[in-house]
Amino acid sequence: VPQPAGVSPWRRLHMSLNLMALLFSTTAFITTHWCEGTQRVPKPNCGKDKKTNCLNYSGNETANETNQNVVHYSWETGDDRFLFRYFHTGIWYSCEENINAAGEKCRSFIDLAPASEKGVLWLSVVSEVLYITLLVVGFSLMCLELFHSSNVIDGLKLNAFAAVFTVLSGLLGMVAHMMYTQVFQVTVSLGPEDWRPHSWDYGWSFCLAWGSFTCCMAASVTTLNSYTKTVIEFRHKRKIFEQGFREEQTFLDQEAIKYFQERSVQSVSGSVEVFVDSTASLRKSEISPTSVDLCGV
């Protein structure tokens, strides 16, 4: 039973959701804004090149730089002696504001993670790669299904495989996001002291990652819905076709039986008439000579 021409709205929907999940996950994987916040670092000493956001001991900059034996005093206390620099972290790198110059400086987040969490972090990275790979496979199968729209069986097989790959990718993505979140929270507590955040929150890359997971699961649901709907429609049409074929076959059998019954009755009646005619003519031929002989006597 061929499918109607054109692309159905359900197919457009799950292809769009799968493509959005793929774009979101790839963007989140390569960016460094999963978590962001501020770090509290001591203010540097003031010098010739730095006049602000620094510690000025007794207002004597020259003495601060040349005479190391002189005791210097600063009136700044508490949080005034610290700078709060902005930082953002991703799967691969952690970048922070450079307080001594313009721009940012980045370092590997894998090196910042505690030794006990490096295995979990690498497992998270592998899961993210598999997540993106399965999304690519699922989207490719959905595109390939468009070229088999006239073949119901091939289309159903591709639809089923696309749904399976999409569900598996969604599960891997969820596990990967959760593992990275766990590693980051442990690194906040046990990481290097010069990196530990003073305050932090989740960034837009983290939102994209979970948005990708949401689109992925929505795509899998719509794909399974489309597959189930197609199977039900195909079975219904097949049932109607078989039922109509049985009724037509029964009608033909009844007509054939009636036809052969009528033909057999006509054939028997014709045979009886022929037999009666032949018997009568035979009797006439036998009686005629006898009557002639009697008349002669």
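**Fold and packing of the predicted chain**

Of the 297 residues in the chain, 32% come out as buried. The model is a predicted one, and its secondary structure adds up to six helices and five strands. Read from the N terminus, these elements follow the order α-β-α-β-β-β-α-α-α-β-α. As for how far contacts reach along the sequence, take those between residues at least 6 apart: 71% of them join residues at least 24 apart.

Next, the packing. The largest nonpolar core holds 27 residues, and Trp34, Phe109, Leu121, Tyr180 and Phe184 have the most contacts inside it. At least two residues of this core come from each of α1 (9–30), α3 (109–112), α4 (118–145), α5 (152–190) and α6 (204–296). Tyr180 makes a handy spot to look around from: leaving aside residues up to four places away in sequence, it touches Trp34, Thr89, Gly90, Ile91, Phe109, Leu121 and Ser124. Three of the core's best-connected residues, Trp34, Phe109 and Leu121, thus turn up in the contact list of Tyr180. There is also a second, separate core of six residues, with Phe139, Met142, Leu158 and Ala162 among them.

Helix α1 is worth a closer look. With 22 residues at 1.5 Å each, α1 should span 32 Å, and its end C-alpha atoms do sit 32 Å apart, so the two values agree. Its buried residues are Arg11, His14, Met15, Leu17, Asn18, Ala21, Leu22, Ser25, Ala28 and Phe29. Viewed down the helix axis, the buried residues of α1 fall within an arc of 165°, which means that they line one face of the helix. Pro9 and Ile30, on the other side of α1, are exposed.

On the strand side, β3 (residues 93–97) and β4 (residues 104–108) run antiparallel and are joined by five bridges. Cys95 stands opposite Cys106 in β4. Six residues lie between the strands of this hairpin, where Gly103 adopts a positive phi near 95°.

Finally, the record. An unreviewed UniProt entry lists residues 17–34, 129–148, 160–182 and 202–228 under "transmembrane region". In the model, residues 160–182 are 100% helix and 0% strand, with the end C-alpha atoms 34 Å apart. Residues 202–228 come to 93% helix and 4% strand, and there the end C-alpha atoms are 38 Å apart.

Notes: Residues are numbered from 1 along each chain as its sequence is written. This is a predicted model: local features need pLDDT of at least 70, side-chain atom pairs count only at pLDDT 80 or more; totals for chains, interfaces and linings use all residues. Side-chain values use heavy atoms; hydrogens and water are left out. UniProt positions are given in the numbering used here, feature names are shortened, and annotations may be inferred rather than shown by experiment. A nonpolar core is a set of buried Ala, Val, Leu, Ile, Met, Phe, Trp, Tyr and Cys residues joined through side-chain atoms within 4.5 Å. Buried means under 20% relative accessible area, exposed over 50%, partly exposed in between (1.4 Å probe, protein chains only). Contact means heavy atoms within 4.5 Å. The expected span of a helix is 1.5 Å times one less than its number of residues. The arc is that of the directions from the helix axis to the C-beta atoms. Two strands pair if DSSP finds at least two bridges between them.
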